[in-house]
Amino acid sequence: MKHGRVALGATLLMLLATIMAACGNPGTGPVVGQQQYNYQTPTHNGGTVVFSDWQFPDSTNPWFATSVVDFELIPALYGGPVTIGSDGNFLPDEVTEVPTLANGDVSKDGLTVTLKLRHDLKWSDGQELTADDFVYWLNVLLDPNTAAASTAGFDPDTLASYVAQDKYTLVLKYVKPFAPYLSYLPFAAPKHAWGSIADKDLANTEEVNLTTKVTSGPFVVQDFASQQSVTMIPNPNFTSTTLHKTVLDKLVFKGFSSKDALIAGYQAGETDHAQDFSNADIQKVTGLPGLHIAPAISYEHIDFNLQNAALQDINVRKAIEEAIDRCQIIQAVLNQTCDKVGVDTILPAPSPYYDSTIKALPFSLTQAKADMQAAGWDCSANPCTKAGKPFPTLNLVTTSGNTQRANVTEIVKQDLGNLGVPVNLDGQYYGNGPLFAGYGQNGILARGNYDLALFAYTFGVDADGALYPSFDSTQIPSDANPAGGNYERVNDPQVDQLLEQGRTTLDPAKRHDIYVTLQKLLIQDVYTIPMYLRPNITLTSDNVGNYIDNPTSAGNTWNVGDWFVKRAAQ
């Protein structure tokens, strides 16, 4: 892992196999259980752990969070009904047991899910946390005035009703059997603290969106220095079925201005844990103490904005994919080999829905020109033309401050230029906030202010949570549906039908087959271009106890309240 590209590739393959075994064999889907994770009893009480990213969060609230760094802080501040362990198991958090058919918390017809809350749940200010707080969270989420980042899994065509049966019981009733219910359980929000704030004002209220002082997670915000740090102290009222009260005095999130600054800060001892690195950073971090390279259900991809009439033609999308030499990018930018980090499908290993037979189109400029010709474009000259008009220039957007992505986009521009498709990169690099913000916050992707987009997907263990928000036609963002996450504007009846089948099919093996078929369709119709895998690369001091990499969208801070300092500072 620390000795160059060959060893790294072998290690990744071994880790992928290990996590695949832990997540269940292909066809079983995510595992549901009451297992406890491998928690180590703290050997030292007190002290401070600092964790870091090369970005700063725009929101720490589940209603509004959109970026990776946003979700890094949420486990510190919010509990949830369940959590996802590092082995892919669903574990109980605020509920006494994970609701299943076997224990009767899910009705035999799959239409009703009952959440049995712990009776000792409290907010950090001492107020009781009850089922009414979950109802409040759902009411706010589903109010269009809130402009929440996503309502997938809670829309009226999915969730028929939700009611607090009593203080400790929340009953969810679905329109149809809803197989992925565990990936869409609601959070609780402190109605007593926020209920007097109009829903339309919540996103712009700092104590709700960023600096909340009333939390349900293991910590509460003590101090917030914008674009610098978030200092958190223990929530004295935290309780959980799986996780534990923190023994730390403080947990600090420290933001850095760039990856190089983050690495330098880790080397200088300014932070104990650094993450959100990419393949291109491996050479920079190789040899540093505490390097972790683990698999993740994550990869970089290029999306199309199907509002662009030229991109609605499947032959044009095929040509664009064929014109991009993905292996050249992997070798030139990542300094790795295509067989190690190349990706061809939507849900790569260690997803339990991974299928190795799915293959994206290979690089071929000749075939790309033939497909453009099939779409009516003449690419014998540059740029391609149709009826005497040139192919429209495509704006390719991605994140700013990321050298790897900047280098990738330059090669993509060159490759597509060779085809005769002009690409513009000027002014197309955005901070995470503007790029990934929701429709209500005028996000670039959500508003469709792009033609091509390069960014990463990091998915959970259930295929529905990965695919439905991104590809179902009901999730296209609009004034009427501001929480939609289908930024590509995919509107395909076959895709919708398969997503619906996956949602309403309770048999795990049948669900697996449905999602493999769906992935084949998404790749065949080139609704996205998989580029390369993103392993989970982190730097963590050996003085941090209970740090455990998590390959799912739950993220590496999934159990941050259980982290501890192994030994006191000398």
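The paragraphs below go through this structure from its overall form to single residues.

The model is predicted. Its secondary structure comes to 17 helices and 23 strands. The radius of gyration is 23 Å, close to the 25 Å that the globule rule gives for 570 residues, so the protein is as compact as a globular protein of that length. Measured out along its principal axes, the C-alpha trace spans about 70 × 55 × 45 Å.

Several totals describe how the chain is packed. Of the 570 residues, 60% are buried. Among contacts with a separation of 6 or more, 70% are between residues 24 or more positions apart. The accessible surface is about 21000 Å², and carbon and sulfur atoms hold 50% of that surface. The protein carries 36 positive and 59 negative charges, and the mean positions of these two sets lie 2 Å apart.

One element to look for is an open sheet of 7 strands with mixed pairing. Read across, the order of its strands is β8-β9-β10-β2-β11-β21-β12. The edges are taken by β8 (219-225) and β12 (291-294); each has a single partner strand, so one side of each is left without a neighbour in the sheet. Within the sheet, β2 (residues 48-53) runs parallel to β10 (residues 250-255), and the two strands pair over 6 bridges. F51 can serve as a marker for this pairing, with F253 in β10 as its bridge partner.

Two residues in loops next to strands of this sheet have an uncommented backbone feature that can be set side by side. Q227 is in the loop between β8 and β9 (229-234). This residue is not a glycine, yet its phi is positive, about 65°. D276 is in the loop between β11 (273-274) and α7 (282-285). Its phi is near 75°, again a positive value in a residue other than glycine. Are these residues buried or exposed? Q227 is exposed, with a relative accessible area of 54%, whereas D276 is buried, with a relative accessible area of 13%.

The helices come next. Helix α3 (residues 131-141) is mostly covered, with 9 of its 11 residues buried. Among these buried residues are F134, Y136 and W137, along with V135, L138, V140 and L141. D133 is also on the buried list. The buried residues of α3 pack against β6 (159-166), β7 (169-174) and α4 (191-194).

Helix α8 (residues 314-323) has 8 of its 10 residues buried, so this helix is largely enclosed by the rest of the structure. Its buried residues include V316, A319, I320 and A323, and also R317, E321 and E322. What lies over them includes both strands and helices: β13 (298-304), β16 (394-399) and β20 (528-533), together with α11 (365-374) and α12 (403-419).

Two single residues show how parts of the chain come together. I74 is in helix α2 (residues 68-77). With a relative accessible area of 6%, I74 is buried. Leaving aside neighbours within four places in sequence, I74 is in contact with T60, N61, P62 and A65. T557 is 483 residues away from I74 in sequence, but the two C-alpha atoms are 8.6 Å apart in space.

The other residue is Q519, in helix α17 (residues 508-524). Its relative accessibility is 0%, and Q519 counts as buried. Which residues does Q519 touch, beyond its neighbours within four places in sequence? Q519 is in contact with T345, I346, L347, Y353 and I358.

Last come two cis peptide bonds, each leading into a proline. One joins A349 and P350, with omega about 15°. P350 is in the loop between α10 (338-341) and α11. The other runs from N382 to P383, with omega near 5°. P383 is in the loop between α11 and β14 (385-386).

Note on methods
Residues are numbered from 1 along each chain as its sequence is written. This is a predicted model: local features need pLDDT of at least 70, side-chain atom pairs count only at pLDDT 80 or more; totals for chains, interfaces and linings use all residues. Side-chain values use heavy atoms; hydrogens and water are left out. Two strands pair if DSSP finds at least two bridges between them. Helices (H or I, at least four residues) and strands (E, at least two) are DSSP runs, numbered from the N terminus. The radius of gyration is taken over C-alpha atoms; the globule rule is 2.2 Å times the number of residues to the power 0.38. Buried means under 20% relative accessible area, exposed over 50%, partly exposed in between (1.4 Å probe, protein chains only). Contact means heavy atoms within 4.5 Å. Accessible areas come from the Shrake-Rupley method with a 1.4 Å probe; for residues, only the protein chains shown count as cover. Lys and Arg count as positive and Asp and Glu as negative; His and the chain ends are not counted. The place of a charge is taken as NZ of Lys, CZ of Arg, CG of Asp or CD of Glu.
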